Amino acid sequence: MSDDFFQPVSGMDLPRFAGIPTFMRLPHIGLSDVRIRDVDIGLIGIPWDSGTTNRPGPRHGPRQLRDLSTMIRAENAATGVRPYEAANCADLGDVGPNPADIPDSMDRITSFYDQVTEADIRPLTAGGDHLLSLPVLRSLARRRPLGMVHFDSHTDLFHSYFGGTKYTHGTPFRRAVEEGLLDPKRVVQIGIRGTAYDMEDRDFAKSVGIRVIPIEEYFSRGPEDVMAEAREIAGDEPTYVSYDIDFVDPSFAPGTGTPEVGGPNSFEALLVARLLDGLDIVGADLVEVSPPFDPSGGTAFLGVSIMFELLCVMAKSREAAIRD
Ligand code: MN
Ligand code: MN
């Protein structure tokens, strides 16, 4: 059960357009705050897009996501989950990156997450571009490799870009497998589509046993069947969830750097996250929302709506872990 202190400000008490916009209107608890030890799930911003190879902007994501998250209420009407009653949730602030230095930024992110995991907090991250998943996993998977359910139009499994650059938002999970942070047999990638440079990423996936579910298969089988397989692949062991907003069709999520047409609608975007229920989710991220391409805020609103679904399944799994 959660603590009264860790409740979001209700729109019934203070209008949603008023107040300082923390994630979901939760209390802001810095890492040095004494109350940090009471937090179960920490929402964290990583305003960093130095891994972006094409249209930039996700460095502005956390601020816009916080703003739009004031629209999110306390109860999941579809599942009945009230995440803030199931777990103590708080906004832990942003990791300050070094926008001019990728390795330094990654070290800063990993050391921030080391403090989060040491406090036994499960992180829900708002990006940022997809490279950030690598330094997060370096902390979360320090003791054992994790499984992963990954929603994206892209595998992000390429070896390198521009003749040898190994750290971009197209490579994080190749590095994570090489570094032993992910157990490839417990990794599933859903929604893959779009034109390709070549099949080097897919060949790598096949060679290590990562299950890739292309969009054609997703639509022919349907989200329920695909997610049943995803849950089976990830199994009962600790699992990470990485959600790239470009999984969703660009008619619903145009505010992103590398859109691919022919994707799921916004209803399915929420449904697949809901169908993660039952997994032991030790951390999750929502990445690649790019406010400069999202003047209406609609993509960010979908992004925080997905974050709420992730928070609901994380709160349930956190509650189950404490009970066991
Ligand atoms: Mn991605
Ligand atoms: Mn992508």
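Visitor: Is Cys89 buried or exposed?
Guide: In this predicted model, a residue is called buried when its relative accessible area is under 20%. Cys89 has a relative accessibility of 0%, so the class that applies to Cys89 is buried.

Visitor: How far is the sulfur of Cys89 from the closest cysteine sulfur, and which residue holds that sulfur?
Guide: A disulfide requires two cysteine sulfur atoms within 2.5 Å, and a search of the whole structure finds zero such bonds. Cys312, which counts as buried at 3% relative accessibility, is in no disulfide either. The separation is too far for a bond, because the closest cysteine sulfur to that of Cys89 lies 9.0 Å away, in Cys312.

Visitor: Which residues are the protein donors of the manganese ion (ligand 1)?
Guide: In sequence, the donor residues of this ion follow the spacing H-x21-D-x3-D-x87-D. Two of them link distant parts of the chain, since His130 sits in the loop between strand E3 (122-127) and helix H4 (133-140), whereas Asp156 sits in the loop between strand E4 (146-151) and helix H5 (172-178), 26 residues apart. His130 is buried at 0% relative accessibility, and Asp156 is buried with a relative accessible area of 5%. The donors, lying 2.1 to 2.2 Å from the manganese ion (ligand 1), are His130 (ND1), Asp152 (OD), Asp156 (OD) and Asp244 (OD).

Visitor: At what distances is the manganese ion (ligand 2) coordinated?
Guide: The donor residues of the manganese ion (ligand 2) are spaced D-x1-H-x89-D-x1-D in sequence. Among them, His154 in the loop between E4 and H5 and Asp246 in the loop between strand E7 (239-244) and helix H9 (266-274) are 92 residues apart and link distant parts of the chain, and both are buried. Coordination comes from Asp152 (OD), His154 (ND1), Asp244 (OD) and Asp246, the last of which is listed with OD twice, at 2.1 to 2.5 Å.

Visitor: How far apart are the manganese ion (ligand 1) and the manganese ion (ligand 2)?
Guide: The two ions have a donor residue in common, in that Asp152 coordinates both. The distance from the manganese ion (ligand 2) to the manganese ion (ligand 1) is 3.2 Å.

Visitor: Which side chain makes a polar contact with the side chain of Thr52?
Guide: Thr52 is placed in the loop between strand E1 (41-46) and helix H1 (61-68), and Thr52 is buried, with a relative accessible area of 18%. A polar atom of the Thr52 side chain lies 3.0 Å from the backbone oxygen of Asp49, while beyond four places in sequence Thr52 is in contact with Pro58, Asp129 and His169. The side chain that makes a polar contact with that of Thr52, at 3.0 Å, belongs to Asp129.

Visitor: What is the radius of gyration of the protein chain?
Guide: The secondary structure of the chain comes to 10 helices and eight strands. For 324 residues the globule rule gives 20 Å, and the computed value is close to this, so the chain is as compact as a globular protein of that length, with a radius of gyration of 18 Å.

Visitor: What share of the residues in the protein chain is buried?
Guide: Among contacts with a separation of 6 or more, 77% join residues 24 or more positions apart. The chain exposes about 13000 Å², and carbon and sulfur atoms supply 53% of that area. Of the 324 residues in the chain, the buried share is 59%.

Notes: Residues are numbered from 1 along each chain as its sequence is written. Chains are lettered from A and ligands numbered from 1 in the order in which they are written. This is a predicted model: local features need pLDDT of at least 70, side-chain atom pairs count only at pLDDT 80 or more; totals for chains, interfaces and linings use all residues. Side-chain values use heavy atoms; hydrogens and water are left out. Donors are N, O and S atoms within 2.8 Å of the metal (3.2 Å for Na, K and Ca); water is not among the atoms, so sites may look incomplete. Helices (H or I, at least four residues) and strands (E, at least two) are DSSP runs, numbered from the N terminus. Buried means under 20% relative accessible area, exposed over 50%, partly exposed in between (1.4 Å probe, protein chains only). The radius of gyration is taken over C-alpha atoms; the globule rule is 2.2 Å times the number of residues to the power 0.38. Contact means heavy atoms within 4.5 Å. Accessible areas come from the Shrake-Rupley method with a 1.4 Å probe; for residues, only the protein chains shown count as cover. A polar contact is a pair of N or O atoms within 3.5 Å; within protein, one must be able to donate a hydrogen and the other to accept it, and residues adjacent in sequence count only if both atoms are side-chain atoms.
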